[in-house]
Amino acid sequence: MTDIETRNRLIAAAREAAGNAHAPYSNFAVGAALLLTDGSVVTGTNFENASYGLSLCAETVALATANVGGRLGDVAAVAIVGGAIMGGRMHGDAPIYPCGRCRQVLNEAAQIGRRDLTVHCASADGGEVRTHQLSELLPHAFGPADLGL
Ligand code: THU
């Protein structure tokens, strides 16, 4: 697979996950898909709660799921797709970037795995993808390395 095919496969997985978002309060669906070093994919979606502050972001859910399989240190890339839910579908032309908390949680995987993560930020309408390294999105990060891991 070319890099673009791998990227597109990851975005498609994130988009599919977003279809299961539990987001009745914000009406904003987000899907995240992690690419692991063996080529497998782990997904997550936002999981809101009636006690709003307890809501979980898609990236955090995906990373916790990877950890359940013992794969936190094997994350190589992540794709994020999101948009407002209207008529049962996600809409929006802006690429969705991980929130500050999710950047920090992604950094946990990056440092445990000793690799920078590629972050693909995609728009709901599929028109735009921006690709970054996590180290650009969270420079000078505090993480496991600071605690001797
Ligand atoms: N959200 C994510 O899932 N990931 C992010 O990085 C940004 C925000 C979710 C949280 C909430 O359910 C909805 O998007 C609106 O903020």
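Here are some notes on this predicted model, going from the cores to the ligand and then to a few single residues.

1. **The main core.** The largest nonpolar core has 22 residues, and the members that touch the most others are Leu 34, Leu 63, Val 75 and Val 119. Quite a list of elements feeds it: β1 (28-36), α2 (58-68), β3 (75-86), α3 (100-113), β5 (118-123) and α4 (134-137) each put in at least two residues. In soluble globular proteins, nonpolar side chains tend to be buried together.

2. **A second core.** There is also a separate core, with 14 residues. Ile 11, Ala 14, Ala 77 and Met 90 are among them.

3. **Val 119 up close.** What does Val 119 contact, once neighbours within four places in sequence are set aside? Its partners are Val 78, Ile 80, Pro 98, Arg 130, Thr 131, His 132, Leu 134 and Leu 137. Val 119 is also one of the core members with the most contacts to other members.

4. **Helix α2.** In α2, the buried residues are Ala 58, Glu 59, Thr 60, Ala 62, Leu 63 and Ala 66. They pack against β1, β2, β3 and α3. An α-helix has 3.6 residues a turn, so residues three or four places apart point the same way. Just past the end of α2, have a look at Gly 70, which takes a positive phi of about 75°.

5. **Around the ligand.** The shell is made of Ser 26, Phe 28, Val 30, Asn 46, Glu 48, Cys 57, Ala 58, Glu 59, Tyr 97, Pro 98 and Cys 99. Both β1 and α2 supply at least two residues of this shell. Two names come back from earlier points: Ala 58 and Glu 59 belong to the shell and are also buried residues of α2. Pro 98, likewise in the shell, is one of the contacts of Val 119.

6. **Polar contacts to the ligand.** Which atoms come up against ligand oxygens? From Glu 48, a polar side-chain atom sits 2.5 Å from an oxygen of the ligand. From Asn 46, a side-chain N or O atom is 2.9 Å from a ligand oxygen. Ala 58 takes part through its backbone, with an N or O atom 2.9 Å from an oxygen of the ligand. On its own the ligand has 380 Å² of accessible area, and the protein covers 77% of that.

7. **The aromatic pair.** There is 1 aromatic pair in the structure. Tyr 25 and Tyr 52 have ring centres 5.4 Å apart and planes at 40°, so the pair is tilted. The two tyrosines are 27 residues apart and come from distant parts of the chain: Tyr 25 from the loop between α1 (3-18) and β1, Tyr 52 from the loop between β2 (41-45) and α2. Buried or exposed? Tyr 25 is partly exposed, at 40% relative accessibility, while Tyr 52 is exposed, with a relative accessible area of 59%.

8. **Leu 36.** This residue belongs to strand β1 and is buried, at 4% relative accessibility. Beyond its neighbours within four places in sequence, Leu 36 contacts Val 42, Arg 71, Asp 74 and Val 75. Val 75 is also one of the best-connected members of the largest core, touching the most other members along with three others. Gly 87 is 51 residues away from Leu 36 along the chain, and their C-alpha atoms are 33 Å apart.

9. **Asp 146.** Asp 146 is found in the segment after α4 and is partly exposed, at 48% relative accessibility. The C-alpha atoms of Asp 146 and Gln 111 are separated by 9.9 Å, with their positions 35 residues apart along the chain.

Key. Residues are numbered from 1 along each chain as its sequence is written. This is a predicted model: local features need pLDDT of at least 70, side-chain atom pairs count only at pLDDT 80 or more; totals for chains, interfaces and linings use all residues. Side-chain values use heavy atoms; hydrogens and water are left out. A nonpolar core is a set of buried Ala, Val, Leu, Ile, Met, Phe, Trp, Tyr and Cys residues joined through side-chain atoms within 4.5 Å. Buried means under 20% relative accessible area, exposed over 50%, partly exposed in between (1.4 Å probe, protein chains only). Contact means heavy atoms within 4.5 Å. Rings of Phe, Tyr and Trp (its six-membered ring) pair if their centres lie within 6.5 Å; planes under 30 degrees apart count as stacked, over 60 as edge-to-face and the rest as tilted. A residue is near a molecule or strand if one of its heavy atoms lies within 4 Å of it. A polar contact is a pair of N or O atoms within 3.5 Å; within protein, one must be able to donate a hydrogen and the other to accept it, and residues adjacent in sequence count only if both atoms are side-chain atoms. Accessible areas come from the Shrake-Rupley method with a 1.4 Å probe; for residues, only the protein chains shown count as cover.
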